[in-house]
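Hi,

Here is the structure I said I'd send over. Have a look at it first, and then read on for what I found in it.

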Amino acid sequence: MERGELEREMEGLHAESWGWALVCCARRAGVAEDVLQSAYLRVLSGRARFNGGSTVRTWLFGVIRLVALEETRRGARWQARTASVLEASEIADPASSADLAVLGAEKDAVLKQALATLSPRQREVLQLVFYHDMTIEEAASVMHVSIGSARTHYTRGKEALGKRLAGEDRT
Amino acid sequence: MMQPDDDDLRARFARLKANDRRRVPEFHSLLATARARARAVRRARTVATAWGMAAAVMLVALSLVAKRTPDPGRSSRAPDARTAAVPAITVWSSPTASLLTTAGNEITRPPDILSSILDVAAFPAAQP
């Protein structure tokens, strides 16, 4: 695929990529932007090559996830992802409180908090399936895990998320 | 209350998605920022490499200059420690030389080189 064509594809998938980058970065908008920039550069410079083995979206999501993982390993910037996930989700999204007041998006906040309590893999597979409408097979490809493993994460994650949401709704 | 089913989850995620879409950074400006960042990183790397190479060249040049410059104190330099530890042959004496020093030893001592027995005879005559 040529560079111009790739750029057009990326532009078309940009909003989706943004949503995915947010999840990969514990919903920290600043870090997600950095990750997206690095991922796009990697694609356009040819350091990440599309070999046609999957859809462009699946491949691009895989690149974004890898870049986000590298950033995480590089440390320091968002260690809070594992240390204090709930706290991170509150700090991460400064627009949340405004959104809550203006848009009445309480359910968003509930969902974000419930997602933040899941393991990263569970969070990723649920996001890919419910947010990006991917199949579990596609999600497995993005996450570089086997289909069986993705299915396990999906089942357990959905169960845990359901319990959390049910608990939140009751309160 | 029952756990939310798939449709409820989809609805919740769809709301989250709609909310996220309000804050999507503009694609072209994001790409421009990324390119500028890459350029800055490249430039910084080039400058660092240039400084590194300059420092290496300076080090090599300095070491070459230091090697080629003759040392003015070299010829008058004192002998090294090993040489200094060896005594000159003219002052050397055997470690057992002290055992040869006995009473009356001067009688049996050989005359000095280039001396004569007449020297001994001449001196008493010269005395008053």
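A:Asp133 sits in the loop between helix 9 (120-131) and helix 10 (136-143) of chain A. Keep in mind that this is a predicted model. The phi of A:Asp133 is positive, about 55°, although the residue is not a glycine. As for its surroundings, A:Asp133 is partly exposed, with 13 other C-beta atoms within 10 Å.

There is another residue of this kind in chain A. A:Arg27 is not a glycine either, and its phi is a positive value near 60°. You'll find A:Arg27 in the loop between helix 2 (14-24) and helix 3 (29-44) of chain A. Is A:Arg27 buried or exposed? With 26 other C-beta atoms within 10 Å, A:Arg27 is buried, whereas A:Asp133 is partly exposed.

Now for chain A as a whole. It has 11 helices and zero strands, so if you trace the elements from the N terminus on you just read α-α-α-α-α-α-α-α-α-α-α. Of its 171 residues, 42% count as buried. Contacts in chain A with a separation of 6 or more are made up to 66% by residues 24 or more positions apart.

Then the core. The largest nonpolar core has 47 residues, and the members that touch the most others are A:Ala21, A:Cys25, A:Val35 and A:Ile64. Domain 1 (1-84) and domain 2 (95-171) of chain A both contribute residues to this core, so it lies between them. As a general point, nonpolar side chains tend to be buried together in soluble globular proteins.

Two buried residues are worth clicking on. One is A:Ala68, in helix 4 (residues 56-73) of chain A. A:Ala68 is buried, with 27 other C-beta atoms within 10 Å. Which residues is A:Ala68 in contact with, leaving aside its neighbours within four places in sequence? They are A:Ala21, A:Cys24, A:Cys25 and A:Val35. A:Ala68 and A:Val23 are 45 residues apart in sequence, and their C-alpha atoms are 9.7 Å apart in space.

The other is A:Met10, which belongs to helix 1 (residues 3-12) of chain A. The cut-off for a buried residue is 20 or more other C-beta atoms within 10 Å, and A:Met10 counts as buried with 20 such neighbours. Setting aside neighbours within four places in sequence, A:Met10 is in contact with A:Tyr40, A:Val43 and A:Leu60. From A:Met10 to A:Leu60 is 50 residues along the chain, with 8.0 Å between the C-alpha atoms.

On to chain B. Its secondary structure comes to five helices and zero strands, and read along the sequence the pattern is α-α-α-α-α. Of the 128 residues of chain B, 7% count as buried. Helix 2 (residues 27-68) of chain B has 42 residues, which at 1.5 Å a residue should span 62 Å. The C-alpha atoms at its ends are 61 Å apart, which agrees. How many residues of helix 2 of chain B are buried? The number is two of the 42, so this helix lies largely in the open.

As for how the chains meet, 23 residues of chain B are in contact with 27 residues of chain A. On the chain B side, the elements that give two or more residues are helix 1 (6-21) and helix 2. Helix 1 of chain B gives the most, with 10 residues. Sorted by class, the side of chain B that touches chain A has 12 nonpolar, three polar and eight charged residues.

Last, the confidence figures. The predictor gives the complex an ipTM of 0.75 and a pTM of 0.63. For chain A the mean pLDDT is 82, and 79% of its residues reach 70 or more. Watch residues 88-92 of chain A, where the pLDDT is below 50; beyond near neighbours in sequence, this stretch has 11 contacts in the model. Where pLDDT is low, the predicted coordinates should not be read in detail. For chain B the mean pLDDT is 79, with 75% of its residues at 70 or more.

Cheers

Methods:
Residues numbered from 1 in each chain as written. Chains lettered and ligands numbered in written order. Predicted model: local features only at pLDDT ≥ 70, side-chain atom pairs only at ≥ 80, totals over all residues. Helix = DSSP H or I, 4+ residues; strand = E, 2+ residues; numbered from the N terminus. Expected span 1.5 Å × (residues − 1). Buried ≥ 20, exposed ≤ 12 C-beta atoms within 10 Å, placed from the backbone. Contact = placed C-beta atoms within 7 Å. Nonpolar A, V, L, I, M, F, W, Y, C, P; charged D, E, K, R; others polar. Core = buried A, V, L, I, M, F, W, Y, C linked by C-beta atoms within 7 Å. Domains from an automatic or database assignment. pLDDT = per-residue confidence, 0-100.
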